[in-house]
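Visitor: I would like a close look at a single part of this protein, described carefully and with the contacts spelled out. Could you take me through one stretch of helices and the loop that joins them?

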Amino acid sequence: MTEFLGLGFSELGAYGTLSLLLALGFVLYGLTMSVLGGIKHDPRFTESGRRSAWAVFLFVSVALFVLEYAIFKDDFTVRYVYRHSMSVSPTWVKFVTLWAALEGSILLWAWVLALYTFLVSVSVRKDALRPWVMASMFFSLLFFVGINLTVASPFTPNVNGATEGLGPNPLLQNHWMMAIHPVLLYLGFVGLSVPFAYAVAALITRKLGESWITQTRTWLLSAWMFLSAAIVAGGWWSYEILGWGGYWAWDPVENASFVPWLLATAFLHSIQIQERRRMLKTWNVYLIIGAYATTVLGTFLTRSGVVESVHAFGNGPIGPVFFGFFAVLMLIGIVLASVRAPLIRDDHTIDRPISREGAFLAGNIVFLSFAVMVVLGTLFPVLMEAVRNVRTSVGPPFFNQFAIPLGLILLFLMGVGPLLPWQRQKNENLWKAMQIPVGAGVLVGIVAFVFGVRDLAVALTVALCAYNVAGLLKLTLRAAQDRGGPGKIVELFRIHPRRYGAYVAHIGLVVMALGIAFSGAYKTESELTLKANQPQQVMGKTAVLKDIRIQDFPEKRSVEAHVVLGKEDTYAKLNTYVNQPQQPVAMPFVKYHPFSDTYVTLLAYKQEENWATVRVIQTPLVSWIWIGTLVMVLGSFISLQSPTVNVQTRTRQQEVTA
């Protein structure tokens with residue numbers, strides 16, 4: 001046993017492996033007990049399985065702690081530590097090294113999944129779904145803990161007797177966002193496993209009413225919130241670290257996180273139709289199966305090496321293993337949904353397209369089309385190479401061709417949906433509901449044109465954003481007026497947090513859309529070589545190189561160019577890390593402004609000759625993307641709150657009195 005654990009080579013590695021083995025044992029026990037509890041309808045089995053989730057979380061947490069401890073202790077007898085850490089790294093870099101490479105990131109995924117399973121175990125209702133929800137969560141755990149013990153073990157001993165490690169990837173030790181983006185991404189990805197588990201449980205037990213939708217809503221919204229924040233945090237990280245001034249390049253790995261978000265967003269809207277109209281049961285089942293399965297597909301793309309990406313890391317057997325798990329998830333979902341097809345068939349259809357459910361369904365179709373096109377564009381080079389042995393690539397022009405019109409359609413539908421009632425009647429006046437938002441959109445679109453906006457897509461975005469804001473304001477003010485005046489708006493949020501949280505999230509999306517439109521269409525850039533104290537003109541500003549400073553740290557050499565641009569000091573850097581001196585990494589300087597960022601990248605320099613080549617980029621409204629995301633997350637957080645019962649009661653009493 002001690003030989004199997006590698007105790008003779010790495011003590012900490014052996015402890016980590018032992019922890020994972022114990023976790024695996026409890027996963028198998030929990031899975032078995034949960035399935036028996038579901039089959040025999042015996043709560044004793046179910047309860048025993050449920051409690052084993054606590055042990056799984058404990059032992060995966062121990063494994064996570066052991067790996068982190070080994071990194072901080074510079075224990076290079078653990079191969080992961082030897083390959084991805086070094087003793088001179090700063091503390092924060094050592095902390096994030098845990099998920100900076102393949103095996104550690106899979107361990108973090110397993111830990112987040114164990115955490116979600118633990119939280120589900122203490123909150124799941126005592127109903128027929130309970131054992132099968134836990135069984136589904138254990139099934140996913142079985143996969144992730146299993147591969148951490150086999151093809152992606154972070155505790156494999158290192159037997160070369162090294163006293164120093166090879167160090168992390170320079171790109172991953174250059175920015176604090178490395179501590180935020182991956183964790184948010186896993187919280188989003190893994191969070192989708194919970195709605196998936198409820199969907200599987202509902203299909204197995206034939207309890208396909210609205211109960212599983214209701215129970216899963218908080219989990220879904222939380223996962224969607226984390227995933228939204230993660231995607232934009234990744235964009236912000238790219239913006240600040242890659243030296244190109246952009247935030248999204250339709251990179252395959254970026255796309256891999258975007259597809260689950262599109263499907264989860266569609267699901268978030270279509271479950272409202274099932275709750276209100278008892279419709280779209282089949283659609284919702286397939287959407288959540290697809291959303292969770294594509295998180296695994298995205299991980300396959302990231303770690304298989306089948307796509308070329310600045311984000312991809314790892315290759316080897318892990319790719320096929322993830323693809324196999326993706327196939328199993330899809331197979332389970334499709335088979336269960338097919339067997340239960342008669343039970344999830346809708347009794348009636350949407351009889352009036354001009355209704356809220358009609359708008360939501362149209363939005364769902366656009367989200368799904370968007371996801372399909374992104375998947376096709378991402379996998380096309382892989383398919384071409386497999387079928388015709390031809391290497392090709394699909395770049396931003398392909399994605400922009402469909403992303404811009406589909407995005408505009410979604411903005412239009414986003415404004416229509418809240419304005420329309422459920423089951424709209426024939427004699428209602430659609431134009432009456434739409435005239436203020438449409439009027440606002442047309443007016444603001446004309447104003448934008450007068451002020452110089454000539455790009456059609458940007459002008460339409462501006463008009464549609466104004467139309468959305470006007471529609472939401474109209475609805476909010478009308479509801480407040482019904483309760484006594486604009487001063488009642490806060491009370492509306494307390495009574496209907498779900499509805500008004502969604503309005504806030506929509507406002508965030510509007511702000512983000514403006515940032516995307518303007519930063520994409522009106523970005524300007526220029527490269528220039530500056531001699532010290534010799535001014536040059538760039539983009540209407542005077543640029544002066546003041547000096548070039550070189551600083552040496554234990555882990556890197558940092559070259560900093562002090563350039564005064566107009567009246568602003570900028571300090572673009574070029575970092576060279578001791579573990580990869582052949583790969584200097586630019587650390588651009590970004591001066592944030594509400595309406596236009598200034599972005600400076602140091603491209604080349606010669607200190608003894610006092611010159612430096614820099615790229616200067618001006619990007620309008622790019623900060624609005626980050627601000628819009630914060631507003632969107634705030635809206636999601638508000639939607640997660642429970643209505644204030646006291647206010648509801650008082651309101652009902654007032655209504656009765658009136």
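Guide: What follows is a walk along one helix, through a loop and into the next helix, with a short look at two other loops at the end.

The model is predicted, and the domain assignment of the protein chain gives domain 1 (1-173), domain 2 (179-412), domain 3 (413-422 + 433-522 + 627-656) and domain 4 (525-622). The C-alpha centres of domain 1 and domain 3 lie 43 Å apart.

Let us begin with helix α10, residues 211-241, whose axis comes within 10 Å of the axis of helix α21, residues 623-639, with the two crossing at roughly 170°. Because angles over 145 degrees count as roughly antiparallel, α10 is described as roughly antiparallel to α21. On the α10 side the contact includes Arg217, Leu221, Trp224, Met225 and Trp236, and on the α21 side the residues that take part include Ile625, Trp626, Met632, Val633 and Phe637. Sorted by class, the contact of α10 with α21 has 12 nonpolar, 5 polar and 1 charged residues.

Moving on along the chain, the loop between α10 and α11 holds Asp251, which counts as buried because its relative accessible area is 10%, against a cut-off of under 20%. The side chain of Asp251 reaches the backbone nitrogen of Val253 at 2.9 Å.

Helix α11 covers residues 252-277 and contains His269, a residue that counts as partly exposed because its relative accessibility is 21%. A polar atom of the His269 side chain lies 2.8 Å from the backbone oxygen of Thr265. Leaving aside residues up to four places away in sequence, His269 touches Phe360, Asn364 and His506. Glu357 is 88 residues from His269 in sequence, yet their C-alpha atoms are 9.3 Å apart in space.

Two other loops deserve a word for their backbone geometry, since most residues other than glycine have a negative phi. His41, in the loop between α2 (11-40) and α3 (43-72), has a positive phi near 55°, and this residue is exposed, with a relative accessible area of 67%. Asn610, which is likewise not a glycine, has a positive phi of about 55°; Asn610 is found in the loop between β8 (596-606) and β9 (611-620) and is partly exposed, with a relative accessible area of 40%.

Terms used:
Residues are numbered from 1 along each chain as its sequence is written. This is a predicted model: local features need pLDDT of at least 70, side-chain atom pairs count only at pLDDT 80 or more; totals for chains, interfaces and linings use all residues. Side-chain values use heavy atoms; hydrogens and water are left out. Helices (H or I, at least four residues) and strands (E, at least two) are DSSP runs, numbered from the N terminus. Buried means under 20% relative accessible area, exposed over 50%, partly exposed in between (1.4 Å probe, protein chains only). Contact means heavy atoms within 4.5 Å. A polar contact is a pair of N or O atoms within 3.5 Å; within protein, one must be able to donate a hydrogen and the other to accept it, and residues adjacent in sequence count only if both atoms are side-chain atoms. Domain bounds come from an automatic or database domain assignment. Axes are lines fitted to C-alpha atoms, for helices over the stretch in contact, and angles run from 0 to 180 degrees between N-to-C directions. Angles under 35 degrees count as roughly parallel, over 145 as roughly antiparallel, 65 to 115 as roughly perpendicular and the rest as oblique. Ala, Val, Leu, Ile, Met, Phe, Trp, Tyr, Cys and Pro count as nonpolar, Asp, Glu, Lys and Arg as charged, and the others, Gly among them, as polar.
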